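I opened the model today to look up its charged side chains and one loop residue. My notes follow in the order I took them.

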Amino acid sequence: MKADFEQQNERFINWLKEEGSTISSKIAFKDYSKEGAGRGVYAVEDIKEEEVLFTLPRTVLLSVKNSELSQKISLAELEGWNPLILCMIYESGNANSKWRPYFDILPKEFHTPMFWSEEEQKELTGTGVIDKIGKEQAEECFKETILPIIEKHEELFPKGLDYLSLFHRMGSLIMAYSFIDEAPGESDEESDEDEEEVEGEVTMVPMADMLNHKTGFNNARLFYEEDRLGMCAIKNIQAGEQIYNTYGDLCSADLLRKYGFVDENNPNDIVEISGEYVVNAYCTEEDDKSDRIDALLDNEILDDCFVIEVDGEIPPEMIVTAKLLSMSENDFLKVQKSEKLPKPTLTPEIQKVFLTILKARSELYNGTLEEDQALFNQMKSSSDNVERNLLNSLVVRIGERSILAKAIDILENAFPTDDLDTPPKRQKTN
């Protein structure tokens, strides 16, 4: 097994050099699978800040314009990742593809929830992952968009292959390994944002995608030039240290959904509170508060969800939303006339509603936070092989539930007890 690992590494590096890449002798591959990270890159020798680790000609990038498929059929009508997915399906099945050594080194199995069993996915109940897996939507896209093209061009896509599995594999590779090819001189700071919000060409970048991520340990970054891309150190790296690129300041839920791993005690963890939950807490079916909702939307206050960060503080937008929805008609007319929204100051009345919302949100998870922590500690101290997916689910659940517990504690201690016993009054603007 180790021999295969080394042979793949050697073929891949030789291919990159033959294609015009430069690779520093100070770096090498290492198998980090025991740490749940797969193949990674580490420093063989000490590396200084700003030292170039490798450079790649743009011709080695696996993109739509570089793939032979774009010369054989029109891909112009395909949207999103679909053109690149189709090119990768084609290139992966082509024995003569220039990217053969690259496909050989890329993973064929994934630990993202897309590939989990139904029982394993149940462990994510209540988390920010479960509603974003999107397997059914992806497969619908495949049937309606990708499969008809494959069936139409049998000369390019041989019969008998499991193209749905290939579709999932290529989509997962793009999710976990792709970059946004930016203009020369720009940084990759935006490449970790949601793929639907980033402009630029989605591209597979061999070698650059071999660097793993660990929150707070980023020590290298990708740079862009007119005809080349490269990776350089952004700080001194000692021999033996792993070299990390950053995937962005992502919570463990997003790390798990996109990449199949988590960071324990992640400072970027969040909890999402549905905007609909908050609206429904103040609106009955008989209420007509569409004008208030429109005002919140126009001012970019109300969104699909409100985000509570690791400090547990209630976001100001959530408080403003509650105030606007709960105020009297006269007060709302004053707001409309002044075009000035209420200040995000918590009140006892709003606190009570928010406590109800957050406690209901906490009950969406299976079991209790204490049970999750006990099971996590047991699994971490066990010498047996632990179930990786279960462990990752626990990390996500514990992170989110801890934030909710902190937010609830902050709310419960926000006002004197006497204030909490006072009958609710109609909310007024500040």
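Helices here are DSSP runs of H or I with at least four residues, numbered from the N terminus. I note at the outset that this is a predicted model.

Entry, acidic patch. I looked for charge on the surface and found a negative patch made of E285, E286, D287, D288, D291, D294 and D298. I then placed one of its members, D298, and found this residue in helix 10, which covers residues 290-298. I checked the cover on D298 as well: its relative accessible area is 66%, and because exposed means over 50%, D298 counts as exposed.

Entry, salt bridges. I counted 15 salt bridges in the structure. I wrote down three of these, as follows.

I began with R397 and E123, whose closest N and O atoms are 3.0 Å apart. R397 sits in helix 15 (residues 388-412), while E123 sits in the loop between helix 5 (118-122) and helix 6 (135-152), so this bridge ties together parts 274 residues apart in sequence. The two ends are not covered alike: R397 is buried at 4% relative accessibility, whereas E123 is partly exposed at 27%.

I went on to K132 and E272, which form a salt bridge with 3.1 Å between the closest N and O atoms. K132 is in the loop between helix 5 and helix 6, and E272 is in strand 10 (residues 270-274); the pair links distant parts of the chain, 140 residues apart. I found K132 partly exposed, with a relative accessible area of 34%, and E272 partly exposed at 24%.

I finished with R401 and D372, whose side chains meet in a salt bridge at 2.9 Å, N to O. R401 lies in helix 15 and D372 in helix 14 (residues 369-381), so the bridge joins parts that are 29 residues apart in sequence. Both of these residues are buried.

I then asked which residues are linked with R401 in a network of salt bridges. They are E123, D372 and R397.

Entry, N219. I looked up where N219 lies and found it in the loop between strand 6 (201-204) and strand 7 (220-224). Is N219 buried or exposed? Its relative accessibility is 5%, and since buried means under 20%, N219 counts as buried. I listed its contacts, leaving out residues up to four places away in sequence: N219 touches C232, A233, I234, K235, I237, Q242, I243 and Y244.

Conventions:
Residues numbered from 1 in each chain as written. Predicted model: local features only at pLDDT ≥ 70, side-chain atom pairs only at ≥ 80, totals over all residues. Heavy atoms only, no water. Patch = residues over 30% accessible without salt bridge, like charges linked within 9 Å, V, L, I, M, F, W, Y side chains within 5 Å. Areas by Shrake-Rupley, 256 points an atom, 1.4 Å probe, with all protein chains shown as cover. Salt bridge = Lys/Arg side-chain N within 4 Å of Asp/Glu carboxyl O. Lys, Arg positive; Asp, Glu negative; His and termini not counted. Charge placed at Lys NZ, Arg CZ, Asp CG, Glu CD. Helix = DSSP H or I, 4+ residues; strand = E, 2+ residues; numbered from the N terminus. Buried < 20%, exposed > 50% of the residue type's maximum accessible area, 1.4 Å probe, protein only. Contact = heavy atoms within 4.5 Å.
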